[in-house]
Amino acid sequence: MDTFKCNYHMHSHYSNGTLSPAQLVRKFIEEEYDVLSLTDHDSIDGLKEFMAACEATKIKGVPGVELTTTHEFMGKVYDIHILGYNFDPNSQLIAEACQRSKDDTLPCLKAEEAIKMVGESGGQCFLAHPVKIPGLGERGTEEFYKEFEALLKDLKKKGLKGLECINPMHTEDEEYRFIQYAGKYHLHISSGTDHHGE
Ligand SMILES: [Zn+2]
Ligand SMILES: [Zn+2]
């Protein structure tokens with residue numbers, strides 16, 4: 001079986017990263033990655049440069065974005081980051097989703113709207129770094145996992161396709177648990193460095 005070294009989570013200077021999309025591609029080539037996705041916060045402005053830089057190499061580039069959303073569930077409002085992949089970067093809906101998620105004067109982008117907009121643009125959504133979701137129980141406790149599982153189940157019903165299990169923020173134990181939940185709910189597993197710069 002071929003294995004690929006993948007990084008599905010990174011930020012360029014089009015959001016809060018320090019490197020340009022082309023510099024990111026160069027950096028991860030040196031680290032022998034095969035597949036990369038640029039996932040700037042609420043922006044797809046770097047994707048053209050990113051995809052062109054990937055095409056000039058043997059790296060497979062995947063269009064991506066990290067959308068800031070809210071999700072109402074069981075009487076609570078959770079702030080969650082939704083990673084969208086593989087959509088048409090020229091989709092008007094994606095541009096609208098970015099606008100909604102970054103502009104405080106517009107109504108908040110709901111997670112289920114983000115999932116729908118990315119889906120209608122031909123892409124799939126993953127839930128980013130679960131340990132960073134405010135309002136879940138204390139990290140690592142059974143209370144945390146219980147709440148997390150209920151939230152994940154609900155998002156899956158709304159069309160979520162995957163879970164970011166591997167992220168530098170997660171401990172090995174947490175990664176193991178998240179991979180188990182992904183399996184239980186038939187979700188894809190992704191891995192990303194959440195790179196913001198040096
Ligand atoms: Zn995030
Ligand atoms: Zn991020």
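The following paragraphs describe the overall fold of a predicted model, one helix pair and one glycine. In this model, local features need pLDDT of at least 70 and side-chain atom pairs count only at pLDDT 80 or more, whereas totals for chains, interfaces and linings use all residues. Residues are numbered from 1 along each chain as its sequence is written.

The protein chain has six helices and seven strands, these being DSSP runs (helices H or I, at least four residues; strands E, at least two) numbered from the N terminus. From that terminus on, the elements follow the order β-α-β-α-β-β-α-α-β-α-β-α-β. The C-alpha atoms fill a box of roughly 45 × 40 × 30 Å along the principal axes.

Helix α3 (residues 92–102) packs against helix α4 (residues 111–120) at an angle of about 155°, and their axes are 8 Å apart; here axes are lines fitted to C-alpha atoms, for helices over the stretch in contact, and angles run from 0 to 180 degrees between N-to-C directions. The two helices are therefore roughly antiparallel to each other, a term for angles over 145 degrees. Their contact involves Leu93, Ile94, Glu96 and Ala97 of α3 together with Ala114, Met117, Val118 and Glu120 of α4, where contact requires C-beta atoms, placed from the backbone, to lie within 7 Å.

Gly162 lies in strand β6 (residues 162–166) and counts as partly exposed because it has 19 C-beta neighbours inside 10 Å, given that 20 or more would make a residue buried and 12 or fewer exposed. Not counting residues up to four places away in sequence, Gly162 touches Gln124, Phe126, Leu187, His188, Ile189 and Ser190.

Note on methods. Chains lettered and ligands numbered in written order. Parallel < 35°, antiparallel > 145°, perpendicular 65-115°, else oblique. Contact = placed C-beta atoms within 7 Å.
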